[in-house]
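Reader: Hi! I'm new to this one and would love a quick tour. Could you show it to me before I start asking things?

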Amino acid sequence: MILTTLSSENKSKIALKRDEAIFKSYFIKNYKVYEKYAFGILNDRFLAEDVASEIIWKIWHLGEDLMHVANVEQYILKSIKNKCLNMMRVRKPIFVENQDLLDYADNSLNPEKLMIESQAVARIQQAISELPEKTKQAFLLVKEEKMTYKEAAESMNISPKTVDRHIQNAVKKLFNFLKS
Amino acid sequence: MSNTEEHYLFLINKLLHGDITKAESEELMRLSEGDIVRLSFIKYLTSSVDTSDLLEAEIVYEKTKPNDLIQEETIIPAPSKIINSSRLYKIASIAAAIVIVAFSSIYYFYYVSESANDDWQYISTNRGERKFLTLKDGTEVWLNNESELKVLKGYGEEHRRMELKGEGYFSVAKNPKLPLLIHTKDTEVKVIGTVFNLSAYPESGATTTSLIEGKVSLKIEGGNHTKEIIMNPGDQVRISKANIEKNAADLSLKELILKEAVSYTKADVKDDKVSDMLWVDNKLVFNNLTLSEIAVKLGRWYNKEIIIQKDELRDLSFSGTFQEKECTQVLDILKKTNLKINYQLKNDTIYIH
């Protein structure tokens, strides 16, 4: 579960051009992370769904004002937290099924970590776009298409050894970019 | 680069290669402990998108979507699902064997291959389903709901013969040497190169041919003699077993046709398109049809069982063009005509009363 950062280009498309498709894709990609985050505070599936969806929709309803939000993910996480805490104040304690908890027992859901990871992914994606064409292709086939080296080799019409070299190269470059 | 980092990258490569051992992956975690960059990198590489999560998110999205957005959407007409034929053509020329391109859940593109062993090849559609196919000679066929097209082996080379049950819209590639012959239950349509719609559902008892472009000759097999009718663009010929008369375009023809229980009308042309063939554009058209005829059409289109419970409703007639996603939306519109129609939905069956 990694948050996808909303690029500033897409942010202005949502805020100014009112592009619903981009908003929808952002919503779908990230909903589950936000929902889990809300659940971590509320321990209630239905309330978590309400809070998460309501806050993400807020991004849409902000309209042009969204442009003033410097970090959308941080803003959403903070809003979810506030909303959850407000709810807890008025709510009676509830009984939670064990089984429900297991599903959400993900201790990686602290906002700081979520932010760092999502920024790392955004950086990696930028680095991927700068890889040499063949290296990028081999890396994406293995990472995104879940191909084995052999399958990737067949699809690119090169030897598995070469794929291995491309992957090693990609890993090294991406890691160094991330570190820098 | 430090030694541990080199080892870290070595293990990362093994992880991607898929041959990392348990001990090695433990070591990898140990090497990354407390290092947010290394941890993030591993998390990125091992993360995968869970489609069930995406589906759940989409459901929540649609559920929580504000009403003003939903209204905006319904004003914009649904985009036509049929794709540009010249593009299809290009794909067809690349395809070696059977290529099936699904560009929506209901439209398919077929390329009839030579490899099939049967003498006849079958392409059929179920209720609620429509298909688009391009035959070897470039002829394009849209097959409406619950229809079946049989193509004889050797199509496009030695002959162009096929049989149709149901409804199809044909755009025939020109080939003067090989006329296209389509056999239905009681007619044979001979075509050289043209666009037309042919409806021959077995239960309707009639075969309707609407011609849009070019020339078509119809051969009617009526008992011990056959008649041939030449059709011109805009003509519609309905051949039925019952004696049905419609506005005959030509008086002399009318007499001849009546004997054969054939009715010959000018087709209803709208924007250069015959309303009979609007289904190709994802539109459902009723042209002065009775409710019982509409029930059959709707049932086929949406794959629903429709039962009319009051007999006096059967003969009410309606005209209209619909592009609704749900069968009930069409019925809601019919309800608004102030005729006393009501319906009830139980499972997949709709009762009209």
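Reader: Thanks! How many helices and strands does chain B have?

Author: Chain B has nine helices and 22 strands. Keep in mind that this is a predicted model.

Reader: Good to know. And what percentage of the residues of chain B count as buried?

Author: The figure is 27%, out of 353 residues in chain B. As for contacts in chain B between residues at least 6 apart in sequence, 43% join residues at least 24 apart.

Reader: Let's switch to the sheet with S19, S22 and S21 of chain B. What is the order of its strands, and is the sheet open or closed?

Author: The sheet is open, and its three strands run in the order S19-S22-S21 (chain B), with mixed pairing. At the edges are strand S19 (305-308) and strand S21 (343-346) of chain B, each pairing on one side only. On average, neighbouring strands here are turned by 20° against each other, direction ignored.

Reader: Do tell me about S19(B) and S22(B): is their pairing parallel or antiparallel?

Author: S19(B) pairs with strand S22 (residues 349-352) of chain B in the parallel sense, over four bridges. One example is Ile306(B), whose bridge partner in S22(B) is Ile350(B).

Reader: Nice. Now, how many residues does each chain give to the contact between chain A and chain B?

Author: Chain B contributes 23 residues and chain A contributes 26 residues. On the side of chain B, helix H1 (3-17), helix H3 (36-46) and helix H4 (51-64) are the elements giving two or more residues. H4(B) supplies the largest share, eight residues.

Reader: And what kinds of residues are on that side of chain B?

Author: The side of chain B that touches chain A has 13 nonpolar, six polar and four charged residues.

Key: Residues numbered from 1 in each chain as written. Chains lettered and ligands numbered in written order. Predicted model: local features only at pLDDT ≥ 70, side-chain atom pairs only at ≥ 80, totals over all residues. Contact = placed C-beta atoms within 7 Å. Nonpolar A, V, L, I, M, F, W, Y, C, P; charged D, E, K, R; others polar. Buried ≥ 20, exposed ≤ 12 C-beta atoms within 10 Å, placed from the backbone. Pairing = 2+ DSSP bridges. Axes fitted to C-alpha atoms, helices over the stretch in contact; angles between N-to-C directions.
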